[in-house]
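Visitor: I have a model open and would like to learn how to read it. Could you walk me through some features?

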Amino acid sequence: MYKAKAYSAASATSPLASDIIPRRDATDRDVQIEILFCGICHSDLHSVRNEWSSIMPTVYPIVPGHEIVGRVTSVGTAVTKFKPGDLAGVGCLVDSDHTCPNCTDGLEQLCPNQTLTFNSPDRHGTAPVTYGGYSESIVVDERFVLHVPANLNLAGVAPLLCAGITTYSPLKRWGDLNGKKVGVVGLGGLGHMGVKFAKAFGAKVVVFTTSPGKKEDALRLGADEVIISTNPAEMLQHSGTFNFILDTISADHDINAYLGMLSRDGNLTLVGAPEKPIPISAFALLIGRRSLSGSVIGGIAETQEMLDFCGQHNITADVEVIPIQKVNEAYERLIKSDVKYRFSIDMASLKAE
Ligand code: NAP
Ligand code: ZN
């Protein structure tokens with residue numbers, strides 16, 4: 001066991017602050033990574049503030065962060081995929097049972113015995129729960145460590161490990177999007193990656209936003225059209241015309257307004273995870289034989305596929321790089337939907353602590 005610098009929150013109402021946490025020494029299968037950048041996902045904020053208390057209550061102190069990119073510093077004796085000096089990525093998962101039907105199918109994100117990167121019981125017993133990427137280093141089983149394409153900007157790669165795979169996976173799963181009308185609801189970290197991927201897959205992309213100030217950016221990011229969702233007249237014009245809609249909103253909203261946008265057999269996939277249950281109008285689904293589904297991150301093989309795709313197509317997140325000392329300010333801005341379009345923490349700033 002060794003000690004690592006980190007930022008943690010001591011309670012749901014405490015700010016994140018400098019801390020020292022235990023990390024395990026690399027076992028045979030482990031890769032030790034010096035963290036260079038860590039993205040700030042809205043899930044970090046939900047967890048720090050215990051907003052998902054009924055599903056996964058937060059254990060304090062919490063060290064969030066599951067959009068990790070860094071460089072390998074050492075590897076265990078049985079590690080075959082990585083060597084010191086390699087670039088490495090870690091997303092939301094650090095372990096699973098490897099034997100259940102979901103793991104067998106490469107869907108570790110659906111494994112009932114998975115270990116999340118933070119706030120999951122720590123199987124190695126280093127601490128009561130796992131600690132995430134707001135830290136100078138992390139030790140992870142090589143099976144959950146991803147190869148990072150060398151041609152991409154690392155600050156912009158970090159958010160691919162969650163925002164990237166969470167949008168890539170459901171868009172891919174929907175099938176051939178070429179020429180299809182795809183809506184992306186909410187232009188934040190997930191939403192802006194959804195726009196980039198849907199565009200890369202050949203879709204006609206329409207962004208729904210509550211922020212008129214994001215219109216120009218949405219077009220620049222690849223949207224063909226932008227709808228200000230608070231304007232009923234604009235919404236009405238597109239009623240019943242979408243093949244697929246990806247809903248990334250982090251807070252309470254009227255999902256029925258978006259279900260009504262779907263064409264026959266259209267699907268709305270929820271990836272946003274608001275705190276409270278969402279009321280659904282039966283008729284919004286019955287009329288048009290529409291469906292509503294959900295999706296959570298992606299499996300390890302698909303995450304590698306997504307990173308390779310990003311390397312080939314030169315896709316990264318648009319990031320505001322911040323020092324860790326600005327993390328609490330960044331959280332306040334996230335709540336106000338004021339991020340362009342992901343905060344990426346430069347972990348070198350932790351050396352000053
Ligand atoms: P984010 O960067 O804060 O973006 C969320 C966007 O939702 C905002 O930028 C805003 O877009 C819109 N929004 C926020 N409040 C709203 C409201 N009250 N009404 C309507 N629109 C609102 O968050 P994120 O990191 O992309 O995460 C989005 C959600 O996905 C979170 O709930 C997060 O926990 C969840 N998530 C799920 C998975 C998964 O595997 N399913 C993975 C990662 C994250 P506009 O300004 O454009 O309106
Ligand atoms: Zn996330």
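**Reading the model, feature by feature**

Guide: Gladly! β10, helix α6 (residues 215–221) and β11 form a right-handed β-α-β unit. Do keep in mind that this is a predicted model.

Visitor: In which sense do β10 and β11 pair, and over how many bridges?

Guide: Strand β10 (residues 204–209) and strand β11 (residues 225–228) pair in the parallel sense, over 4 bridges. To see one of these in the structure, look at Val207, whose bridge partner in β11 is Val226.

Visitor: Now helices. How many Å should the 12 residues of helix α5 span?

Guide: A helix can be checked against its expected rise. At 1.5 Å a residue, α5 (residues 189–200) should span 16 Å, and its end C-alpha atoms are 17 Å apart, which agrees.

Visitor: How many residues of α5 are buried?

Guide: Buried means under 20% relative accessible area. In α5, 10 of the 12 residues are buried, so the helix is largely enclosed by the rest of the structure. Among them are Leu190, Met193, Val195 and Phe197, and also Lys196 and His192.

Visitor: Does the helix geometry have a rule of thumb for which way residues point?

Guide: An α-helix has 3.6 residues a turn, so residues three or four places apart point the same way. As for what comes after α5, look at Gly202, which follows the helix and has a positive phi, near 90°.

Visitor: Let's try single residues. Is Ser8 buried or exposed?

Guide: Ser8 has a relative accessible area of 8%, so Ser8 is buried. Ser8 lies in strand β1 (residues 2–8).

Visitor: Which side chain does the side chain of Ser8 join in a polar contact?

Guide: That of Asp19, at 2.8 Å. Leaving out residues up to four places away in sequence, Ser8 touches Asp19 along with Pro15, Leu16, Ala17, Pro61, Ile62 and Val63.

Visitor: And where is His238 found?

Guide: His238 is in the loop between α7 (232–237) and β12 (242–247). A loop position does not by itself tell you about burial, so check the accessibility: at 7% relative accessibility, His238 counts as buried.

Visitor: Which residues does His238 touch, beyond those up to four places away in sequence?

Guide: Lys181, Glu225, Ile227 and Met261. With Lys181 there is also a polar contact between the two side chains, at 3.1 Å. For a view along the chain, His238 and Gly260 are 22 residues apart, and their C-alpha atoms are separated by 9.1 Å.

Notes:
Residues are numbered from 1 along each chain as its sequence is written. Chains are lettered from A and ligands numbered from 1 in the order in which they are written. This is a predicted model: local features need pLDDT of at least 70, side-chain atom pairs count only at pLDDT 80 or more; totals for chains, interfaces and linings use all residues. Side-chain values use heavy atoms; hydrogens and water are left out. Helices (H or I, at least four residues) and strands (E, at least two) are DSSP runs, numbered from the N terminus. Buried means under 20% relative accessible area, exposed over 50%, partly exposed in between (1.4 Å probe, protein chains only). Contact means heavy atoms within 4.5 Å. A polar contact is a pair of N or O atoms within 3.5 Å; within protein, one must be able to donate a hydrogen and the other to accept it, and residues adjacent in sequence count only if both atoms are side-chain atoms. The expected span of a helix is 1.5 Å times one less than its number of residues. Two strands pair if DSSP finds at least two bridges between them. A crossover is right-handed if, with the strands pointing away from the viewer, the path from the first strand over the helix to the second runs clockwise.
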